[in-house]
Structure formats: structure tokens, C-alpha cells
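Hello,

Here is the structure I promised to pass on to you. Have a look at it first, and then read on for what turned up in it.

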Amino acid sequence: PCTHSGTGRCFMTSQNHGYAVDANSLPDGWKILFTNENDKTNEGIIHQTNPYFSVQFHPEHTAGPTDLECLFDVFIDAVKAFKNNQKCVVDDMITETLKFVPTLQERPKKVLILGSGGLSIGQAGEFDYSGSQGVKALQEEKIQTVLINPNIATVQTSKGLADKVYFLPITPEYVEQVIKAERPTGVLLTFGGQTALNCGVELEKSKIFEKYNVNVLGTPIQSIVDTEDRKIFAEKINAIGEKVAPSAAVTSVEEALLAAKRIGYPVMARSAFSLGGLGSGFANNEDELKTLAHQALSHSDQLIIDKSLKGWKEVEYEVVRDAYDNCITVCNMENVDPLGIHTGESIVVAPSQTLSNREYYMLRNTAIKVIRHFGIVGECNIQYALNPNSEEFYIIEVNARLSRSSALASKATGYPLAYVAAKLALGIPLPVIKNSVTGVTTACFEPSLDYCVVKIPRWDLAKFNRVSTKIGSSMKSVGEVMSIGRNFEEAFQKALRMVDENVNGFDPNIQKVNENELREPTDKRMFVLAAALKNGYNIDKLYELTKIDKWFLMKFKNIVDYYKSLESVDSTSITCEILKKAKKIGFSDKQIAAAIKSTEVAVRKLREEFKITPFVKQIDTVAAEWPASTNYLYLTYNGSSHDLDFPEGFVMVLGSGVYRIGSSVEFDWCAVGCLRELRNQGKKTIMINYNPETVSTDYDMSDRLYFEEISFEVVMDIYNIERPSGVILS
């Protein structure tokens with residue numbers, strides 16, 4: 001029942017509170033590390049009792065990466081061999097221990113890429129970004145690319161990207177016609193979201209790929225089916241000693257009711273193989289479940305009934321694995337909202353802020369174990385439910401494809417996930433791929449961030465009649481924003497302004513307190529929370545109502561408290577220190593002006609008099625271990641110097657901002673087209689945008705990318721720093 005480090009047999013003693021290990025001749029007082037079946041690493045001291053030694057439990061647990069624990073076995077074996085005068089070559093022993101035989105396919109000459117088709121709620125511009133990066137990566141490798149995508153508004157269908165573009169529906173019939181005409185030797189299914197995946201699964205089932213000798217590159221089809229089919233998924237996860245939440249896969253309403261009875265209400269019902277949590281929801285009794293099951297079974301022929309884990313923390317890891325079994329976690333993210341809200345509907349922060357070191361590594365080790373077990377090659381997103389009061393966790397979902405979360409992880413870390421995934425699909429190992437941020441390290445370095453990233457979704461529910469404003473397990477958001485700051489408060493307030501230009505930040509005066517809205521979240525819950533904090537609700541009460549972690553609630557309280565102290569001064573008595581602190585926790589000039597009864601222009605003038613201006617920082621994926629050479633930038637007031645110089649003569653282009661109903665990926669196409677033409681004219685370009693799903697926020701699209709707000713204040717700050725020769729607004 002426990003894995004051990006090179007010390008022979010080990011088993012649990014009858015008292016169930018200790019382990020005994022078959023010891024040969026390790027001396028007293030040596031420390032031993034061992035892992036029990038729940039992956040809890042303990043440290044103990046050896047006490048010799050011939051022929052066994054016992055391990056005494058230490059209450060404190062160790063934590064940290066355990067990727068190369070096996071090398072300790074090599075060390076022990078080398079010591080034993082030396083002691084017994086046996087010949088041993090440590091290099092050979094290490095090579096033998098780490099040996100992995102990859103299954104490599106023949107390198108394709110022509111690759112077919114399936115796009116996402118039309119945009120829909122739950123599947124938007126992120127697949128334009130992933131497909132575009134995939135095409136770039138393949139072209140670098142001198143491989144011909146054929147793209148199928150009927151969406152004319154996308155960058156990936158523009159002239160000059162893929163070698164051939166077919167504007168056809170992504171359905172098995174049409175894709176087969178293209179395969180027949182083009183005869184590609186490889187196909188990429190994981191770059192076009194759920195539409196492309198489902199189409200690929202159908203083509204595999206009907207043996208079309210086999211008929212035309214087309215290899216599925218990267219993650220095998222079976223792995224995709226294993227992660228999508230809930231029954232197989234649960235069995236595969238249990239096989240490696242991990243847990244999924246108690247659930248059942250059913251195909252009819254009657255089976256659903258029986259399963260819910262067995263699991264116990266409340267339950268969550270959701271369709272398998274569906275997009276953005278379509279047809280899912282929570283049911284507290286049989287009547288609610290009947291309604292839900294009827295809806296969900298109209299979207300898919302398999303329905304999953306899960307035990308409700310509402311109120312638990314939701315944590316995500318983005319993991320990549322190459323064909324040689326090298327794995328790294330690119331980014332871990334934590335949802336500010338507890339479980340029960342679709343991750344696409346949640347406010348997400350990267351890296352996680354409330355996990356302990358132990359929890360972080362516990363989930364990281366599991367993520368690597370899972371990606372290896374499923375045989376995924378490329379990128380994978382793993383979602384967990386973590387009990388806030390213990391270390392108990394369940395694996396909720398594994399997405400063996402690029403998703404909205406991977407677009408976010410990619411833009412949050414500067415690690416080009418889709419580009420790397422395409423290279424891995426060709427069988428290129430991680431250590432060979434260059435890290436484009438440092439220019440020195442390789443893609444097998446795990447990014448470490450010295451900043452905080454916050455993602456907030458945008459809903460346009462007001463544009464519809466008779467649509468509930470409640471948010472839950474089914475995705476309603478039409479876009480999302482991402483902000484970068486040096487602390488949570490700064491990034492959070494920036495993001496709120498990005499979502500809606502009419503909002504000044506975490507403003508307690510927008511909504512009235514409503515406890516029902518705190519319990520049952522709506523698209524305006526954050527502002528109800530701000531009002532509650534202003535009205536004196538304490539942290540414990542708010543935690544009880546919202547189940548948002550107390551760390552986040554304290555940060556929200558910091559902002560509202562500072563709001564109150566700003567309201568106690570006016571434009572004549574505000575000091576340099578008060579103004580500076582406000583800027584450091586993310587207050588905009590407009591927001592400060594509203595609090596001190598002044599105007600935005602007056603506050604800006606005052607700020608410039610006090611010499612309070614933002615600093616330009618570079619995204620740095622290796623926490624300054626190597627100098628960053630990237631042009632991926634953000635502004636912060638929590639700094640003391642700029643990270644780079646500002647030669648004049650650039651042309652500034654403003655991006656489209658957040659996707660909304662009536663304005664989406666077509667404006668990204670416009671911005672990218674503009675940047676490309678400026679480059680053709682020999683001009684250096686600056687891009688300002690804050691939408692993580694866009695191609696325009698890929699830092700190889702412009703000479704300088706500012707991931708920042710598109711507001712008068714911020715654009716003017718960048719203009720004053722950069723002194724561009726012109727600005728394009730249209």
C-alpha cells in the first residue's frame with residue numbers, strides 16, 4: 001500500500017498507523033520519505049529493530065515536486081553496489097531508470113486541420129487563436145497545411161496563413177470529401193474545439209481515416225473518447241488510484257432518476273460530448289431532475305448524473321506532454337467562484353492564490369499522473385474539485401484538447417500553448433522547442449509568474465428578453481477579459497473595467513444588497529458583494545452566503561475600505577501618498593474622481609504633478625532566472641523602473657477588446673490585417689488589447705504588445721511613454 005524509495009518490501013502494520021520496511025543495513029537516525037496510497041508524503045526517522053525498522057510519523061508533511069523521486073532509488077542502488085564491491089556506472093543506471101520508448105508516427109508531408117466552424121456561446125475566438133498558432137508551427141516545420149473552416153471572420157482563414165482553406169461545414173461527409181481530394185497524411189483534431197473533436201471521433205468510428213491512411217497527430221482518438229465518455233473516464237481514473245465525484249452515465253430519464261436516488265440529492269446533470277456545459281444544471285429533487293434530463297438528452301445521447309459538490313474550490317491545471325513522456329504543468333488557475341459555476345462563467349485567477357504548497361503539488365502530481373495514463377500528447381486541461389476544509393479532492397474533468405482555459409493559460413504565462421502542442425503532435429520533444437519569451441531556455445521549463453492574472457467573463461444577457469440572469473453550470477458568457485497586475489486588487493479592478501467600460505472598478509454603489517443574489521449567483525454578483533461589504537457585512541457572513549474563499553473576500557474588503565477612506569477626502573486635501581496607494585490597488589483616475597468629487601482630467605493632472613505614473617513591465621516566464629527578451633508588456637504602479645527602453649517611431653493600433661454580441665472575432669481579423677500590412681510597409685507596431693482569445697494578442701503579431709485596458713487613461717499613459725508616430729483607431 002505504499003511506494004518507497006529503494007528500501008525493499010514495505011507494508012502497513014496491523015495497527016494501521018505505521019509502516020514497516022524491509023531494511024537491510026541503513027543506520028539509525030537516517031530520515032526516510034515515503035508516500036502512502038493517498039499520495040501523502042511523510043517523513044520519519046529510522047529506528048532499527050532487526051530485521052525491520054519502523055517509521056515514526058511526523059505530523060508535518062513534506063511538499064514539493066516529486067518528478068524525479070526515482071533517482072533516489074538509483075542512489076541507494078549505487079551505494080549498495082559500491083558497498084558490495086560491485087561495478088556500477090551511475091550514468092547507465094539513470095538512463096535505464098528514465099528510459100521511455102515513444103510511439104512515433106512517420107512525419108507527415110501534408111496536414112489537415114479542422115477548425116471550429118461558426119462561433120457560438122461556449123465556443124468563440126479561442127479556436128481561431130489555437131488554429132492560427134497550429135498553422136504557424138506546421139509551416140515552420142515545412143509541412144503543407146490544409147484548413148477546413150466555414151467561418152469567414154477568422155484570422156486563420158485569411159490569405160497567407162494556411163496553404164489551402166476550404167470554406168466547408170465541419171461534418172464527416174464534407175471532411176471526407178476534402179480528405180479524398182487532398183490526401184493528407186496527418187490530421188489535427190484538437191485545435192477546433194468540441195465541433196472538430198466530435199467530427200474526428202465520427203470519422204474514426206466510420207474508418208474514414210483508416211481508408212485514406214490518415215494518421216491522427218498528437219493525442220490518440222482513444223484518449224479523446226476515454227476523457228469524453230464519462231463511464232470509461234471514471235474507470236480509467238479509478239485505475240490509477242484517483243477519484244472522480246460519485247456519478248453515473250445514463251441514457252434515459254428513468255435511468256437518471258434511479259442514479260440520482262442512489263447517489264443522493266442534490267445532483268448535477270450534464271450532457272456528455274457537449275459544448276460549454278450545454279443542457280446542464282443542478283437538481284434538488286425528482287421533478288427538477290426530470291426537466292433537466294429531458295433538456296440534456298436532447299443535446300446528447302449520454303447524460304451524466306454527478307454528486308453535487310457546490311461550495312468546493314475549483315482548480316485547473318494546464319499540462320503538456322510530449323511523445324517521450326516529458327510532462328510539465330504550464331499554469332495552474334483557481335476559480336474565485338466556488339464549484340457549481342462553469343469555469344467559463346467564473347472569475348479565474350492565475351496562479352492560484354489560496355492553495356498551500358502541499359495542495360499545489362498534490363494536484364500537480366495527480367495532473368501529470370493523469371496525462372500519462374491517458375497517453376495524451378500535446379496539451380490537456382484538468383479540472384479539480386478541492387474540499388476547502390481538507391485535502392480531499394475529485395477530478396471533475398479532463399479536456400484532451402485546447403480550450404478557453406488553455407487560451408487563458410497561454411496569454412497569462414506567455415507560453416504559446418497551441419504552437420507547442422502542434423510541434424509536440426509532430427513528435428518533436430519539449431527540450432528541442434525554444435521558449436520564445438527568454439530566447440534562451442526551452443519549452444520544458446515550467447513558467448513561474450511574478451505577477452497576478454485575473455480573468456472575468458462578459459455576459460450580454462440584457463440583450464435578450466425572458467432570459468434568466470442567473471449563472472451556473474451552463475455557459476452563458478459571450479466573451480472574457482484578462483488583466484495583469486502585481487497584486488490581486490490591481491488586476492481585479494482592471495479586469496472589471498475591461499469587461500464593461502461604463503464601470504469604474506469594484507464599485508459598491510452600482511447594486512443594492514440582495515442576499516439571494518449572493519447565494520444564487522447572477523452576472524452582477526460582484527457588485528452586490530461590493531455593496532454588502534460597504535454595508536458592513538463581515539467576512540464570515542459573506543463566506544457563508546457565497547462560499548468564495550475568505551482570502552478573496554479580504555482582498556475585496558481592502559478595495560471597499562479604501563473606497564470609503566477616499567470618500568473622506570476631497571480634491572484639495574488628497575495627498576501624494578493617498579493617491580499613490582489608490583493607484584497601487586487598481587483605482588482608475590475616473591474612480592478616484594468619483595470618490596473625491598472631482599473630474600478624471602483633474603485627477604490625471606494632479607497625478608502627473610505628483611509624478612505618479614505607471615511602469616512598463618515585461619511578461620517573464622522564468623521569474624528573472626534569465627532575462628526576458630519578449631515584447632509582451634503590461635502597466636503597473638507597483639514598480640520602480642521600466643523593463644525596457646522606448647525608441648520612438650512606432651505605430652499604435654487599438655484592438656477590439658472583449659467579445660460581445662454584435663462585436664466579436666471579425667474585429668480581431670481587422671486588427672491582425674492592419675498589423676500585418678503595417679509590417680509589410682516597414683513600420684514597427686504597438687498593439688493594445690486585453691482579450692485572451694484573440695490572435696492580435698499573440699506577441700509575434702506586433703513589435704510590442706500591451707495587454708492593457710483600452711480607456712482614455714491607459715492609452716494616454718502608453719502614448720506618453722512610447723511617443724508613437726501615429727495611432728490607428730478604426
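A salt bridge here is a side-chain nitrogen of Lys or Arg within 4 Å of a carboxyl oxygen of Asp or Glu. Please keep in mind that the model is predicted. By that criterion, the structure holds 43 salt bridges.

One of them joins R358 and E391, whose side chains meet at 3.1 Å from N to O. R358 belongs to helix 11, whereas E391 sits in the loop between strand 19 and strand 20, so this pair ties together parts that are 33 residues apart in sequence. R358 counts as buried, at 13% relative accessibility, while E391, at 25%, counts as partly exposed.

That brings me to the sheet around there. It is open and made of seven strands in the order 20-19-16-17-18-21-22, with antiparallel pairing. Strand 20 (393-399) and strand 22 (479-485) are at the edges with a single partner strand each, so one side of each has no neighbour in the sheet. On average, neighbouring strands of this sheet are turned by 25° against each other, direction ignored. Strand 19 (residues 378-386) pairs with strand 20 over six bridges in the antiparallel sense, and A385 has Y394 in strand 20 as its bridge partner. Helix 11 (residues 357-374) packs on this sheet, where it touches strand 16 (313-321), strand 17 (327-335), strand 19 and strand 20. The direction of helix 11 makes about 50° with that of strand 16.

Towards the other edge, which parts of the chain does the pair K455 and E480 link? Their salt bridge has its closest N and O atoms 3.6 Å apart. K455 is in strand 21 (residues 452-458) and E480 in strand 22, so distant parts of the chain, 25 residues apart, are linked. Both ends are buried: K455 has 3% relative accessibility, and E480 has 0%.

For a local pair, look at K231 and E235, which form a salt bridge with the closest N and O atoms 3.7 Å apart. Both residues lie in helix 8 (residues 230-239), four residues apart, about one turn of the helix. K231 is exposed, with a relative accessible area of 52%, and E235 counts as partly exposed at 49% relative accessibility, because exposed means over 50%.

Best wishes

Terms used: Residues are numbered from 1 along each chain as its sequence is written. This is a predicted model: local features need pLDDT of at least 70, side-chain atom pairs count only at pLDDT 80 or more; totals for chains, interfaces and linings use all residues. Side-chain values use heavy atoms; hydrogens and water are left out. Two strands pair if DSSP finds at least two bridges between them. Helices (H or I, at least four residues) and strands (E, at least two) are DSSP runs, numbered from the N terminus. Axes are lines fitted to C-alpha atoms, for helices over the stretch in contact, and angles run from 0 to 180 degrees between N-to-C directions. Contact means heavy atoms within 4.5 Å. Buried means under 20% relative accessible area, exposed over 50%, partly exposed in between (1.4 Å probe, protein chains only).
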